[in-house]
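This report covers side-chain contacts and model confidence. The sequence and coordinates come first.

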Amino acid sequence: MKELIAVFIGSGLGGLSRFALGKWINSLHNHHFPFGTLVVNFVACLFLGFVIGLADHKQILSPTARLFLAVGFCGGFSTFSAFSSETLTLLQQGHNISLVLYIFGSIILCVAATFGGLLIADRI
């Protein structure tokens, strides 16, 4: 039961954080490119890599803390559904260059961020 509560609370906090950060990032520009979701997913992947590094490599975090942060917070914070929806919107509106940049940028940046988070945790 403790694990379920940890994931539940982490997901809620992650979702609220995603909403706030995404809204703030999008308020900084007036462009059709979905910078808010890209930044949120990048930050989520960086943080996820860091959490995994602390929990699995350094064994600093308890299993419950890992669930709270990795499954709960990062799961609530990152958003593949928004990525999918925004990708479809870019396609439908004919923003082909933005579409390609968003897809490949998201994949490359997020995988690199997760790896970067692992490296940061390993250096602690």
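Which side chains meet in a salt bridge? The side chains of Arg-66 and Asp-56 do, with an N to O distance of 2.9 Å. The model discussed here is predicted.

## Salt bridge

A search of the whole structure returns one salt bridge. Arg-66 belongs to helix H3 (residues 63-77) and Asp-56 to helix H2 (residues 35-57), so the contact ties together parts ten residues apart in sequence. Side chains of opposite charge can pair when their charged atoms come close.

Both partners are assigned to the intermediate accessibility class. Arg-66 has a relative accessible area of 26% and is therefore partly exposed. Asp-56, at 36%, is partly exposed because its value falls between the limits of 20% and 50%.

## Aromatic pairs

The search of the whole structure also finds six aromatic pairs. One of them joins Phe-33 and Tyr-102: the ring centres are 5.5 Å apart and the planes stand at 80 degrees, an edge-to-face arrangement. Phe-33 sits in the loop between helix H1 (2-27) and H2, while Tyr-102 is in helix H5 (residues 96-122). With their positions 69 residues apart in the sequence, this pair links distant parts of the chain.

Tyr-102 also pairs with Phe-83, with ring centres 5.2 Å apart. Here the planes meet at 45 degrees, so the pair is tilted; the angle is neither under 30 degrees, as for stacked rings, nor over 60, as for edge-to-face. Phe-83 lies in helix H4 (residues 80-92) and Tyr-102 in helix H5, 19 residues apart, and this contact too links distant parts of the chain.

## Burial and the aromatic cluster

How buried is Tyr-102 by relative accessible area? The value is 0%, so Tyr-102 counts as buried. Phe-83 is buried as well, at 12%, and Phe-33 is likewise buried.

These three residues belong to one aromatic cluster, formed by Phe-33, Phe-35, Phe-80, Phe-83 and Tyr-102.

## Confidence

The protein chain has an average pLDDT of 95, and 100% of the residues score at least 70. Confidence is lowest in H4, with a mean of 93, and highest in H1, at 97. Phe-83, one partner of the tilted pair, lies in H4. Where pLDDT is low, the predicted coordinates should not be read in detail.

How values were computed. Residues are numbered from 1 along each chain as its sequence is written. Side-chain values use heavy atoms; hydrogens and water are left out. A salt bridge is a side-chain nitrogen of Lys or Arg within 4 Å of a carboxyl oxygen of Asp or Glu. Helices (H or I, at least four residues) and strands (E, at least two) are DSSP runs, numbered from the N terminus. Buried means under 20% relative accessible area, exposed over 50%, partly exposed in between (1.4 Å probe, protein chains only). Rings of Phe, Tyr and Trp (its six-membered ring) pair if their centres lie within 6.5 Å; planes under 30 degrees apart count as stacked, over 60 as edge-to-face and the rest as tilted. pLDDT is the predictor's confidence in each residue, from 0 to 100.
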